[in-house]
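Please look over the sequence and the structure before reading on. The report that follows takes up the sheets and then several kinds of side-chain contact.

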Amino acid sequence: MAILKFSASAVAAQIAHARACKTFLPNWNGPVDRPALILIVGNGVHLRSNGIDGTTTRIVTTEQADPSFAFADGMNPFRDTDWMAQRRMAFRDLTGQFYTDILDDVQVLIDRGRGAIRLATDGHSIRVFVRRASDYLIGGTYEVPSGLGGTFRVILKDACDTFAIVQNCGNCEDFDAMQSYRVPLDALMELDDRRAA
């Protein structure tokens, strides 16, 4: 999982552009009739409006980028010298255009005054990621997906903006004897949070 961080004002400009347009770039399933944000992983990593207006005829591609797009921190080819290494860490060799359904959720965060928008991606899905490491209680008890279809109960040992260090606790002896391990930060579930594992 990678956490991508964007300037809220840059994303707001892309949302405003999308909402001002009457025609939109099609997605892989055909025509689109509403504003959206597209995540481009290619020449940098950026969000852009799906709107088509008279100011540009350029189709979205992974090879082209425009300085006005909302670039992820550290992945701006116009500013960051190691953007390609950062993109590779987040997406490996995956490139492409991803139509998202995050516009309304992102707008809520912008309206609440957030200075940055954080997205979580595993390369196949893109989610608005609201929580920060400081939102989790070190020493608190959580559940994490086990990888076998269930969950493990864990104690949170440490956390940063992208991952958490956890120790199994309250499962069976063999699992609880495991060394501490790392999980994506957004994999931590409150004990009453029943997201699909």
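Which residue in β8 is the bridge partner of Leu4? The model is a predicted one, and in it Leu4 has Leu119 of β8 as its bridge partner.

## The three-stranded sheet

That bridge belongs to the pairing of β1 with strand β8, which covers residues 116-121, and the two strands run in the antiparallel sense over six bridges. They are part of an open sheet of three strands, whose order is β1-β8-β9 and whose pairing is antiparallel. At the edges of this sheet stand β1, residues 2-7, and β9, residues 126-128, each of which pairs on one side only. From one strand to the next, the twist averages 30°.

## The four-stranded sheet

Another open sheet, this one of four strands, follows the order β10-β11-β12-β13, again with antiparallel pairing. Its edges are taken by β10 (141-145) and β13 (181-184), and because each of these has a single partner strand, one side of each is left without a neighbour in the sheet. Here the twist averages 55° from one strand to the next.

Within this sheet, strand β12, made up of residues 163-168, pairs with β13 in the antiparallel sense over four bridges, and Ile165 has Arg182 in β13 as its bridge partner. Arg182 also takes part in a contact with an aromatic ring, since its charged end sits over the ring of Phe163, 4.0 Å from the centre of that ring.

## Aromatic pairs

A pair of aromatic rings is described by the distance of the centres and the angle of the planes. The structure holds three aromatic pairs, and one of them joins Phe71 and Phe78 in an edge-to-face arrangement, with 5.9 Å from centre to centre and 80° between the planes. Another pair is formed by Tyr136 and Tyr142, whose ring centres are 5.8 Å apart and whose planes meet at 65°, so this pair is edge-to-face as well.

The surroundings of these rings can be described through their accessibility. Phe71 counts as buried because its relative accessibility is 6%, whereas Phe78, with a relative accessible area of 47%, is partly exposed. Tyr136 and Tyr142 are both buried.

## Salt bridges

Side chains of opposite charge can pair when their charged atoms come close. Two salt bridges are found in the structure. In one of them Asp104 is joined to Arg19, with the closest N and O atoms 3.3 Å apart. Asp104 lies in helix α3 (residues 103-111) and Arg19 in helix α1 (residues 8-20), so this pair ties together parts that are 85 residues apart in sequence. Arg19 itself counts as partly exposed, at 41% relative accessibility.

In the other salt bridge, the side chains of Asp80 and Arg79 meet at 3.8 Å, taken from N to O. Is each of these two residues buried or exposed? Asp80 is buried, with a relative accessible area of 16%, while Arg79 is exposed, with a relative accessible area of 56%.

## Cysteines

How many disulfides does a search of the whole structure find? The search finds zero. Among the cysteines, Cys21 is buried, its relative accessible area being 9%, and Cys172 counts as partly exposed at 36% relative accessibility.

Note on methods
Residues are numbered from 1 along each chain as its sequence is written. This is a predicted model: local features need pLDDT of at least 70, side-chain atom pairs count only at pLDDT 80 or more; totals for chains, interfaces and linings use all residues. Side-chain values use heavy atoms; hydrogens and water are left out. Two strands pair if DSSP finds at least two bridges between them. Axes are lines fitted to C-alpha atoms, for helices over the stretch in contact, and angles run from 0 to 180 degrees between N-to-C directions. Rings of Phe, Tyr and Trp (its six-membered ring) pair if their centres lie within 6.5 Å; planes under 30 degrees apart count as stacked, over 60 as edge-to-face and the rest as tilted. Buried means under 20% relative accessible area, exposed over 50%, partly exposed in between (1.4 Å probe, protein chains only). A charge sits over a ring if NZ of Lys or CZ of Arg is within 6 Å of the ring centre and within 35 degrees of the ring normal. A disulfide is a pair of cysteine sulfur atoms within 2.5 Å. A salt bridge is a side-chain nitrogen of Lys or Arg within 4 Å of a carboxyl oxygen of Asp or Glu.
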